[in-house]
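This report describes the surroundings of a bound ligand and the arrangement of two helices in one structure.

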Amino acid sequence: MGEETTKNVPVCQKKGELAPFAGALPPSRDTISDLLCRELIAAAEKAMSRAYAPYSNFFVGAALLATGKKVFTGCNIENAAFTPGICAERAAFAKAVSEGEREFTAIAVIGGKNGIPKDYTAPCGVCRQVMAEFCDPQKFYIILARSQDDYWLYRLDELFPMGFSPKNLS
Ligand code: THU
């Protein structure tokens, strides 16, 4: 415990506040480090600025960390026909998988109306399903951020309990 645990305590837990909804991770050696979270949030913020969201004006950015350590970013890309629109998270997954990555550690998500994050942006159900396709729900971390100093860390199994996954078909 001791030193290592302290080093890996996410900022959000240091503030000692209640999670915005049940299940935010308690400080533990199993979580990812604060520095890594901040780096991913910074990349997600940059991606958010590239969002194409003329219909909702809700800008979202995501930064997906592959186990090979590469980071793939994504933004939401809307469409006049609405249904072809894609979320930031799935844009990041599409980039990563098409570059040969299939194993992932974490994703940071940030979003807000006109690009100003007022609340935490949790992935939609379809994006959670896509995460469950490639990620071990007990090992994949989802960082919901309003800024680099203000985020909550979740595991996929907390945000997507009892999900349908490739395991069901094996
Ligand atoms: N959106 C995302 O990109 N990710 C989320 O986690 C939630 C929603 C996008 C889809 C749409 O372009 C806009 O936000 C409003 O729903």
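## Polar contacts of the ligand

In this predicted model, a polar backbone atom of A88 lies 2.9 Å from an oxygen atom of the ligand. The backbone also takes part at A122, where a polar atom is 3.4 Å from a ligand oxygen atom. At E78, by contrast, the side chain is involved: one of its polar atoms is 2.5 Å from an oxygen atom of the ligand.

Taken alone, the ligand has 380 Å² of accessible area, and the protein covers 75% of this.

## The shell around the ligand

Two elements each give two or more residues to the shell around the ligand, namely β1 (58-66) and α4 (88-98). The complete set of surrounding residues is S56, F58, V60, N76, E78, C87, A88, E89, T121, A122, P123 and C124.

By character, the shell consists of 7 nonpolar, 3 polar and 2 charged residues.

## Packing of α4 and α5

Helix α4, which contributes to the ligand shell, also meets helix α5 (residues 125-134), and the two axes come within 9 Å. The axes cross at roughly 25°. Angles under 35 degrees count as roughly parallel, and α4 and α5 are therefore roughly parallel to each other. The crossing of these two helices, α4 and α5, is left-handed.

Note on methods: Residues are numbered from 1 along each chain as its sequence is written. This is a predicted model: local features need pLDDT of at least 70, side-chain atom pairs count only at pLDDT 80 or more; totals for chains, interfaces and linings use all residues. Side-chain values use heavy atoms; hydrogens and water are left out. A residue is near a molecule or strand if one of its heavy atoms lies within 4 Å of it. A polar contact is a pair of N or O atoms within 3.5 Å; within protein, one must be able to donate a hydrogen and the other to accept it, and residues adjacent in sequence count only if both atoms are side-chain atoms. Accessible areas come from the Shrake-Rupley method with a 1.4 Å probe; for residues, only the protein chains shown count as cover. Helices (H or I, at least four residues) and strands (E, at least two) are DSSP runs, numbered from the N terminus. Ala, Val, Leu, Ile, Met, Phe, Trp, Tyr, Cys and Pro count as nonpolar, Asp, Glu, Lys and Arg as charged, and the others, Gly among them, as polar. Axes are lines fitted to C-alpha atoms, for helices over the stretch in contact, and angles run from 0 to 180 degrees between N-to-C directions. Angles under 35 degrees count as roughly parallel, over 145 as roughly antiparallel, 65 to 115 as roughly perpendicular and the rest as oblique. A crossing is left-handed if the near helix is turned anticlockwise from the far one by less than a right angle, and right-handed if clockwise.
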